[in-house]
Amino acid sequence: MKETANHSRVRKYLGSAFLTLVLLTALAFSLLVLVPKFSAYALPGNQRGYEPAQPIAFSHRLHAGELQVQCLYCHSGAERSRHAGIPATNVCMNCHRFVSASLGAIRAEDAAAKKEGREPRRIVSPEIQKIYDALAITDQMKPEPTKESRPIQWVKVHNLPDFVYFDHRPHVNAGVACQKCHGQVETMERVRQVEDLSMGWCVNCHRAVDRTGLDGKGNFTAASAPAAHGNTPVTHRVYASIDCSTCHY
Amino acid sequence: MSKRLFVGVFENEQDTLAAVRASRQRGFKIVDVYAPYAVHGLEEAMGLAPSRLPWIVFALGLLGAGLKVWFEFWTTAIDWPVNVGGKPFNSLPAFIPVTFEVMVLFAAVGAVLSFFFVCRLFPGKRTLLPVIGVTDDRFALVLEETDSRFEPTEVQKMFETLHAIHVEEQITAEPE
Amino acid sequence: MADAVLTLRPPLIDGDKSIAQVTHDVCAPMEARPSGLWWLALAASSSLLLLGALAIGYQIAVGVGTWGLNRTIGWAFDITNFVFWIGIGHAGTLISAVLFLFRQRWRTSVNRAAEAMTIFAVMCAGIFPIIHTGRPWFAYWLFPYPNTRGSLWVNFRSPLVWDCFAISTYFTVSAMFWFIGLLPDLATIRDRATAKWRRRLAGILSLGWNGSYRGWQRYEVVYLLLAGLGTPLVISVHTIVSWDFATSVLPGWHATLFPPYFVAGAIFSGMSMVLTLMIIARKLMRLEDYITLRHIDRMAKLVILTSCIVGLSYATEFFIALYSGSSYEQFVFLNRAMGPMFWAYWTMVSCNLLIPQLLWFRRIRAYVPAVFVISIFVNIGMWFERFVIIVTSLSRDFLPSNWFHYAPTRIEIATLMGSFGLFFTLFLLFCRFVPVIAVAEVKGVLKYGISHEEGDS
Amino acid sequence: MSSGNKHYWKALEEKEGGPEFLMDAAQDLVERGPRQFGRRDFLKAAGFTVGVAFATGCSRAPLQKAIPLLSQPEEIVPGRSLFYASTCSGCNAGCGVLAKVRDGRPIKLEGNPEHPFSQGGLCATGQASILGLYDSHRLQHPLKQGNKTDWEVADREILTHLASIRSQHGAVRFLTGTITSPSVLAAMQEFLKSFSDSRHVAYDPLSNSAILDAYQQTHGTRLLPHFHFEKAEVIASFDADFLGTWISPVEFTTAYRAGRNLEEKRVSYHVQFEPRMSLTGSKADRRFAVAPCDFGVLLTHLTRLVAKRAGISLDWAEPDASSVPRNCLDELADRLWRARGRSLVVCGSQAIQEQVLANYLNHLLGNYGAAIELDNPSLQAQGNDQDLESLIAELQTGKVDTLFVYGVNPAFDLPGDRWREALSKVPLLVSFSQRMDETASLAGYVVPEPHFLQSWNDTEAVSGIASISQPTVHPFAETRSLLETLSVWNGKSNSGYELLRDFWRARVFPRQKKEPNFDAFWDRSVHDGYAEVAPAVVKTKPFDLRAVQPILRSSANANSLALVLYPTLSMLDGRNAYNPWLHELPDPISKVTWDNYASLSPATAKKLGVNNGDIIRIDASAKNLKQLELPAYIQPGQHDDVVAVALGYGSRLSSRFAKVGPQWIDALLSVGENGLVGQNAASYLELKDGALRYASTQVALSRTEKQRELACTQIHNTLNVPEKLRPAGSGPRSIVQETTLAAFLKDPHSGVEDDEEKEDLWPTDHPYAGPRWGMVIDLNACTGCSSCVIACQVENNIPVVGRDEVRRNREMHWMRIDRYYSESDDGQVDVAHQPLMCQQCENAPCETVCPVLATVHSEDGLNQQVYNRCVGTRYCANNCPYKGRRFNWFNYSHDDHLQNLVLNPDVTVRSRGVMEKCTFCVQRIQEAKIEAKRRGENVVDGAVQTACQQSCPAHAIYFGDLNDPNSRVSKMMQNPRRYRVLEELNVRPAVGYLTVVRNRDQESKEEQHG
């Protein structure tokens, strides 16, 4: 009777310890698995991390990063219009009328041609060829009557809900860096949505601007503080309203 | 460890009350009385201390009200002040109704939960009845043998004189 | 009735029952097979329920436009039904809480059913604020919860938000109150149950209640506390409902009188609904000994009282309008009485004010069928009261160019019927599976009335 | 909308990628419209519940494409609107418009503020004509015997036919409406010249032929003078609805308002004689209901009185007594005589004799050269009904071999059966109609025109003002403008652009001296939309007194009523029957939509024992015309012997509206038993002594047992509450506050109820430190013409809900015009028009009650409405004293993808179950703010114009920043006539109203209302 009790107590103890161990490891493991899993989940409409494949493997890293092409060179609408805009194909042609392939490829062709003692052929990279196809022109920039021109159908990356009106003008002209909302595009091979573009995200940035100014360093002049509407008209201040009708109408 | 209990079963509340009073005179330890309904006067007869539930509930009520009025003030005046119909951001009078409701909610839920807690009531609990019928029409007085002065026959006699319809002795092995 | 204290008063329960008998009488209908009548009633009410469900489904799928509303009259049947059902609910809490505080022991026979009625009525009421919105699937936006919008909270100045909190609190508290009261009876059922499933079920629900007096002592305290909380709650709830209208600028809505007026009206309608149900129940389930003529008599007296209060409110409204000197206000009330919807107004007055006066006569109070009919009239009248307040005020407000009329569509009527279907279906199920009378409490008062001065005062 | 934004296309042809443009636009719109729509359906929205939230949490939104242009024209920036000057073709008035073009598609027409006579105003028809561009029922290609064909075939066959006619010297007739385009006229003349027997017959369905014929008699030239209402101090109008539908309403409204400027204390006196209550009559200072048969006698009387004052004795016999009291005529004669040279008599009658008398009156009063100009006449109505008479004779005898029909619909807008049978006799009937109307359906060939925003054209509506219509978008389909078609048939086919340029170089350029070189002239004309050139020389003889004959007998005949056929400003002659916006636009007086009806005076209705909506039978069996059964409408102010029926209804173009609006179990059709909207009354027109008569038919009325509830947006007509419900001692409600000129001159504040600011319970937390938007509406200027209603509808994507929904009082117009009658003791019925929209209250009752903060106040004083936050409790609408809010009871259909292209991309298309309302065109405010920010300036006064304000021909609406003491609106807020509706509620509206001031002597008696 007695030792059975002891025995049972021992077994219970062991068992419980073992069980605890198992449970702890299981918990740790499941946390390891689940936490990233759940954090990856998002509420409906949140497309953060969206990175669609584009009809042309256009590299922002190459153009905006290495070659230092300014954002507004192609997305010139951002200054003048609500939409930053996707550049018209003829904008691409400003350069790609001359640049039809990577420098390396061209050099190689030249070398090969020299070796074979012939005229170097014009090298056209398959991606750039797509631009020419869109415009229905040959690599000699001559119209190609057989083909018909058709615009390139890019895939839209940053989609806002239909009932929100976002306007690039005030942001760009107030000096908000493109990267603030679009992330380090100049480092992206393919553009990815880095912010969740939720209402809270917009509103909280607007609040921050009103509190501490654009650079967030709090060097906000009295004139631009919301408190002092009177002596400076709304339209003048770097003042981000959080009125509903700023975005919803 | 085991206990020795004497259960006296009665038919109506008067007899039960009498029995309770008698047992206390004789200094028997009353474990509990079981009744199909709340018999009035038993509380005094058994000499139970008044419950402290009201204080818990009062505190919870205050808590609820406080939390709510703060929350309303914070949301409408601090976190996101909005001009609604030209009203001031802190429209305290308008916050009162909801505050009141939340106070009642906290208090009421608190009362019930703490009741379940102190009475150890929970779904699937194994019911312990001294005798069958205490939830129908029987009243049961349960005494416990405490010391040598405790005289079973005397208990028996007392119960009979107070017209208990039935007396029984139980040994329980329930842990303290 | 101070003289009653000295006189020998009749018992609360007839037939000099023994405790065991009480248990038996109340549990018998649950353990017996349901009568054909019950099945018939259930069939009727559940088919109404189905009809209502279809109507609501169609309305949610197609749009609120399927109701007879228009740009002048934004609320009609929906909110009328809402206020009506909330009102019905109030009698339950009144009987179980207020009368308990006043030590009205006769309540024990009716409070269980009354509380059940409260819960079911609040369920019916709760439907309407949700389905009346244009986008019911967003109704949850009325509750403040942290969100990705910044966070965007709710407008705590809006009576509709107050409603949300009031109704949900009211439902929770009534439900708990009801369950606490039910606890000992569930134990009783458990211990006398022969069917295994019933014992199992009652066993789980009764939480292991065993009638220990230490339990009883705290039980009494909690019950008292809940009653104490429920009483101001019930008043606050209908006050808040009345504020839906009182806080507006609309003539006919914008009245400080509303809170007491609405609370009285609620008790009025609730009491008569209790009468309606109890009179049916005592007949169906042979509980005449428990729900005695004296119970009916007392409730009838309450009905007269509240009817008079409501009548006074009607009069006061007119006086205030006259006294205010605002021609808009004055017009609204003239328009109620003599405008295109005069019929609704006079239905209301005759059902709520004139007909109940019959109850002054002891003979009529003692004649159950008469009381029954009157209670039905009051139910109708109180529905019309809300209809009149809401629709006639909206239909002709400040700018004559906006004046318009209102007629309900089939969908609306079906929805109203549906809510009655839900109510009666639930009530019938309740009669079948739950002791309609608070067994433990009745046992407690069995001995009362023989020569005690306790009892009603 | 500064003129700096205005651009012009050198030529559409030069613009690359035009089609992609539209594709892009379509893409964008197809996504915007329907996708929103989709999101609104219940199942998907239900997906917002938490359960589904996680399921859909990681899923991606539907793929969206962004399709740039291949090659982007310089001035085109996606997302920015451009304004192109053009000329409206809604009617013949030829008002100047600016077409707002967004991403390649026109989305709105606005009045061109610089245009000489329309001066920025644009009427409802003009505003709504943009919808015609996106009308999916417009003909997409030529038709042969009603079957699709292509232009080659059509041209070849028509030309061969014409060749044979030339050889056989057959008769060719060109039947058109008034053509104001000189280039088209020239081309047509050239075309007709090539036939031995050819004639151009022009008529106007709403004819003014009698006026021209009268001038033929009195001045020896058939012309329509140019009226200048702004120069008239006394206006006597004999049934001329010049503010509503007569000749050039926008121009006349603008001028009329200029002549009644209270701020400058110059107010014209306007007397109106008319059988029915017209829009113009509703504004008159003195108005007499006169039976049509009495006008002759009336004019004769007035002529005698004026002549007496002029010291001329007329040897005329004593005419019948006129229905207008003698003393009133005397008074009018006095006023006219006192204001001689500064007065104006206009007459809308189609009886040439009456017109001659009117001319004589003007002659006696010396108004020629002052308020009436003859040397640069109006060309807005050139129809000649005598030609029409001879034409039908020719048609019936089968003499005509080929008939071209352009711009009119004789099978519909002329006495139908007779014309249909006559037209069917023509071997070759060619129609240029844009739609399959009654005539087109009879035609052998239909060679459709494009919409006027799709082709080059020009207009000379008033001699000396040549304006240009330029295309703002490619034709979507195989349509060809008349100009091009004629050039093809004339054998030298060319693009419309070239044709117009050549014509202007040859014919218009020489008529001006300003610009030495044509290209500069052309560019400026296209940019401005018009050019002022030397008017064509017209020779008028001195007034010929022999023409003047008195009318002594009134043709009244007892026990029968005169049927008065009139145009409504929405349907006109029926040309707008395709347009749902105009069908749903409430008639400014009766407030009835989606129907025409027989309006009766209250007395007559009583006699017949009919109420509104009872169907009555109109019987003219005397002239063996088929009976007409129409619902009755009781119209205060109408003459007792008159039953008035609107023209332009019952067109086959309206058959498409059977199922417009939401469809559910209780929904009714929007059309009548005939499957059309309303019924065509044109068969009761009479072509008699050389003029189309609109009021000459005598009819008998009888009531039927049938009923048809009219879809009326306002069922209570006066500010007085019904007699038995009136609280003791309460007068009419002071919603519309008015006074008389006499009282006004004594005290400008007269008639305004005291309106001091009320105390607030709490100190306000809300200083409106930036701009604060406000509006003032001058009720005295407002004529109720309703162009603001349509302008608002176009600007704000307001859906059409259909007849049944309007009948249920669920129309969606954000801006409505309330109309109240009041009767003075002398039986004069006064009308007040009150435009009413959300009043943007400072203490808004709607905001306090919204549980979810879906409607709150902005820091510039707007009452914002956030559609996507709204759950639709309708609490706000219940609590709105003005009922300025509109609820989306259903999903209003946006499934016509072509029509969706008219949607304004700056405004959300609202979903089912949400509240919506006016927000002072907040999208325009935002645009102006952002642009100002971009330029680092303030928003200057006038930079933001609301749609209603922009379109108002009477310039009755002022909008701007109330915090800027120098803005026009804050000056108007200080105007002594300013009051606020329901001031006593202290909700503090941001909208002020200016009192109505009637040009009368007796003090205004408020009790008279009712």
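## A four-stranded sheet in chain D

Let's start in chain D of this predicted model, where four strands form an open sheet in the order β39-β34-β41-β40, with mixed pairing. Its edges are held by β39 (957–961) and β40 (978–979) of chain D, and each of these has a single partner strand, so one side of each is left without a neighbour in the sheet.

If you would like to look at one of these edges, follow β40(D) to strand β41 (residues 991–994) of chain D: the two pair in the antiparallel sense over 2 bridges. To find the register on screen, pick D:R978, which stands opposite D:L994 in β41(D).

## Strand β26 and two of its partners

Elsewhere in chain D, strand β26 (residues 614–619) is a handy place to trace pairing. It runs antiparallel to strand β31 (residues 697–707) of chain D, and 5 bridges join the two. Here D:I616 is found opposite D:R703 in β31(D).

β26(D) also pairs with strand β27 (residues 628–634) of chain D, again in the antiparallel sense, over 4 bridges. In this pairing D:I615 faces D:P631 of β27(D), standing opposite it. As a general reminder when viewing such strands, side chains in a regular strand alternate between the two faces of the sheet.

## Two helix packings in chain C

Now over to chain C. Two packed helices are described by the angle between their axes and the distance between the axes. For helix α4 (residues 111–131) and helix α14 (residues 410–433) of chain C, the axes come within 10 Å and cross at roughly 150°. An angle over 145 degrees counts as roughly antiparallel, and α4(C) and α14(C) are therefore roughly antiparallel to each other. The crossing of α4(C) past α14(C) is right-handed. Residues making this contact include C:M117, C:F120, C:C124 and C:F128 of α4(C), together with C:L422, C:F423, C:L426 and C:F430 of α14(C). Sorted by class, the contact of α4(C) with α14(C) has 15 nonpolar, 2 polar and 1 charged residues.

Helix α3 (residues 77–101) and helix α8 (residues 258–284) of chain C pack with their axes 7 Å apart, at an angle of about 75°. Angles of 65 to 115 degrees count as roughly perpendicular, which is why α3(C) and α8(C) are described as roughly perpendicular to each other. Among the contact residues are C:W85, C:G87, C:I88 and C:L94 of α3(C), and C:F262, C:G270, C:M271 and C:V274 of α8(C). The contact of α3(C) with α8(C) divides into 12 nonpolar, 4 polar and no charged residues.

## Where chains C and D meet

The two chains toured so far also touch each other: 68 residues of chain C are in contact with 68 residues of chain D. Between chain C and chain D, about 5,800 Å² is buried, and carbon and sulfur atoms give 60% of that area. Three residues to highlight on the chain C side are C:R71, C:R135 and C:W137, which supply 14% of the area that chain C buries against chain D, more than any other three residues.

## Two backbone details to check

Most residues other than glycine have a negative phi, and most peptide bonds are trans. In chain C, the peptide bond from C:G150 to C:S151 is cis, with omega near -25°. You will find C:S151 in the loop between α4 and α5 (159–192) of chain C.

In chain D, D:Q119 is a residue other than glycine with a positive phi, near 50°. D:Q119 sits in the loop between β4 (105–111) and α4 (124–133) of chain D.

Methods:
Residues are numbered from 1 along each chain as its sequence is written. Chains are lettered from A and ligands numbered from 1 in the order in which they are written. This is a predicted model: local features need pLDDT of at least 70, side-chain atom pairs count only at pLDDT 80 or more; totals for chains, interfaces and linings use all residues. Side-chain values use heavy atoms; hydrogens and water are left out. Two strands pair if DSSP finds at least two bridges between them. Axes are lines fitted to C-alpha atoms, for helices over the stretch in contact, and angles run from 0 to 180 degrees between N-to-C directions. Angles under 35 degrees count as roughly parallel, over 145 as roughly antiparallel, 65 to 115 as roughly perpendicular and the rest as oblique. A crossing is left-handed if the near helix is turned anticlockwise from the far one by less than a right angle, and right-handed if clockwise. Contact means heavy atoms within 4.5 Å. Ala, Val, Leu, Ile, Met, Phe, Trp, Tyr, Cys and Pro count as nonpolar, Asp, Glu, Lys and Arg as charged, and the others, Gly among them, as polar. Buried area is the accessible area (1.4 Å probe) that two parts lose on being put together, summed over both.
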